[in-house]
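Student: I should like a close look at a single part of this model, namely selected loop residues. Please describe their setting and the criteria behind each term.

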Amino acid sequence: MKLISLEIDGYKNLKKKCKFDFSNCSNYAALIGLNGSGKSNVLEAISLIFSHYYHGTAIDFTFSLTYNLRIESEDGTNRQIKLSNDKMKVVGIGKLIAKSKYHDYLPANVITSYSGEEMRLWDEVYLDSYADFFQDLKKQNKVIPHLLYLNKYSWEIALITLLCSDNAAIKDFLKDELNISEDVTVKFNIDEDKYGLFETNEALSLVRRLVDLQKDSKENTAHINEIRTLELNQVDNLDFTKKIFYYLFITSMPQRSEKVKTQKVINSINIAFNDLNVSKLSEGEKKLILVNCITKILADSSTLILLDEPDSHVHIERKKELKKLISEGDQFTVLTTHSPSLLNSLENDNVFILSNKTNDGVTVYPVDRQKHLSEISGGVFTLMNATLIASTEKDILLLEGTNDYNYLKEALKRFETEFNQFDFLIINCGGAGNVAAILEQSILPILGDNQLCICSFDEDGAGKKGIESVKDLLSEESQNVKCITHPRHTEFPEELKEFFMEDYFDVNAYKPLLNDQIQNGTKFKDFESMTKAKGIIERNYKNFDDTAYNNFKVLIREVLRVQNEFHEN
């Protein structure tokens with residue numbers, strides 16, 4: 001299963017410009033953007049599309065979705081399938097698929113995991129599939145739902161499933177990442193009076209055996225080793241773990257409703273290990289448990305996975321593990337994120353920036369051009385920078401490098417009350433020579449008509465070349481890009497030809513530190529390797545008094561003057 005392309009028009013803020021080309025992706029696509037950019041809406045739209053074909057649910061927007069899938073009914077042939085508003089066809093041979101055959105050309109299942117408390121998607125989309133799954137299970141028809149919705153209420157079930165697995169990678173995860181030993185007990189709070197709401201099937205049979213295991217125990221618990229030995233007519237261990245998950249899911253999740261005429265039999269699950277229980281695990285650890293269960297047990301090569309911010313609450317060191325889980329499987333995954341640390345580990349061909357900065361709807365930007373910018377800037381210009389640029393309606397200020405960025409940000413922090421009207425997206429370009437490339441490839445294509453970009457340079461040779469490069473890019477009509485050199489403050493000697501961002505600092509802020517180095521030198525090597533003033537400022541700028549930053553007001557006022565002049569005209 002691999003998504004090839006997606007076009008959506010008319011679902012919430014997803015309009016005509018919301019088009020994705022996944023053809024160059026490997027087995028995942030990451031959607032990045034600020035809150036409100038439409039990332040979750042894309043996952044919702046995909047869910048609605050497949051619910052439309054699995055269950056015949058109504059759909060009120062226009063779409064086109066193309067994917068590759070191995071078709072078992074055609075002797076395992078790989079086919080490209082296109083879905084578009086009540087139609088399904090095989091691409092290339094123009095074969096329209098009859099509704100009675102739809103299921104043969106759909107993914108085996110779509111598994112969605114959401115991070116927050118929102119249950120609207122469950123109520124509007126996934127409950128239909130759950131109700132069908134419940135009826136099929138009673139009839140012994142199949143063991144997996146077409147659309148599976150998982151959130152934090154499934155963590156305990158997922159952990160039990162992992163604990164029953166023979167998969168070596170899963171065992172390593174439990175031992176090395178979670179420090180869970182073999183000595184694990186589970187307490188199932190089971191309401192036997194509700195057995196009658198379930199017809200006899202393997203799910204209810206499992207619940208009965210769990211009750212028997214607990215009754216045979218002094219602590220009224222079931223040991224994980226006993227659960228592993230249960231017989232569920234499994235083909236192998238993978239089949240067994242899938243059945244464990246789905247049987248526990250179906251008996252512990254339902255709430256009585258118009259669509260599901262039953263109530264849950266398992267009211268709660270308490271897992272104990274190392275004198276702890278699962279509630280003591282962090283939110284990030286629970287996320288990793290769920291993603292491990294989805295990617296290593298529940299999903300296969302014909303599965304589509306939708307993950308909404310799977311990295312939220314996951315420790316920065318473990319985000320690489322998350323990327324590994326997503327990228328190593330046979331399934332195709334669409335995920336949303338705004339984590340810089342996760343983004344930095346993803347392949348650029350697999351990442352799409354979503355921007356909702358105008359009323360025209362969401363615009364999708366592939367990030368292939370940003371890879372070059374990251375390379376030339378030494379990694380300073382990141383995907384998150386590109387995301388912010390694509391999403392912001394603020395005016396933009398480009399600065400040459402890291403020190404310029406840090407010093408101005410610190411000055412603005414010191415004088416935030418005086419300059420509370422200063423509201424720019426400030427971008428560090430990683431060098432004067434990179435400003436033109438970042439302007440050309442990330443800013444000019446999406447800069448709004450009423451949006452200003454200011455490029456501010458040191459007054460030196462590199463700065464002059466940077467300004468010339470920017471001007472070479474611009475036509476005479478490009479009025480919303482302005483180049484300036486950092487304006488000199490009044491105390492700076494007029495005869496000096498060069499002026500740097502560091503010249504805004506009062507020399508008395510760092511001169512004593514230089515003097516200390518000289519006084520503490522005891523041999524030739526001490527003086528030969530002595531750090532220059534630039535390094536002294538770089539290491540100590542946050543410790544300078546506010547008075548050392550007074551000259552930065554000259555630059556701040558000039559940037560505001562240029563901004564006001566632009567918007568007045």
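Tutor: What follows treats one aspartate and then two asparagines, each in a loop. The model is predicted, so local features require pLDDT of at least 70 and side-chain atom pairs count only at pLDDT 80 or more, whereas totals for chains, interfaces and linings use all residues. Residues are numbered from 1 along each chain as its sequence is written, and side-chain values rest on heavy atoms, without hydrogens or water.

Asp-311 sits in the loop that joins strand S14 (303-308) to helix H9 (319-328); helices (H or I, at least four residues) and strands (E, at least two) are DSSP runs numbered from the N terminus. Because its relative accessibility is 5%, Asp-311 counts as buried (under 20% relative accessible area; exposed is over 50%, partly exposed in between, with a 1.4 Å probe and protein chains only). Beyond its neighbours within four places in sequence, Asp-311 is in contact (heavy atoms within 4.5 Å) with Lys-319, Leu-322, Thr-336, Thr-337, Ser-339 and Leu-342. With Thr-337, the side chain of Asp-311 makes a side-chain polar contact at 3.0 Å; the term denotes a pair of N or O atoms within 3.5 Å, where within protein one must be able to donate a hydrogen and the other to accept it, and residues adjacent in sequence count only if both atoms are side-chain atoms.

Turning to the backbone, most residues other than glycine have a negative phi. Asn-179, in the loop between helix H4 (168-177) and strand S10 (184-190), has a positive phi near 55 degrees and is exposed at 56% relative accessible area. Asn-220 likewise has a positive phi, of about 55 degrees; it lies between helix H5 (202-215) and strand S11 (222-223) and is partly exposed at 31%.
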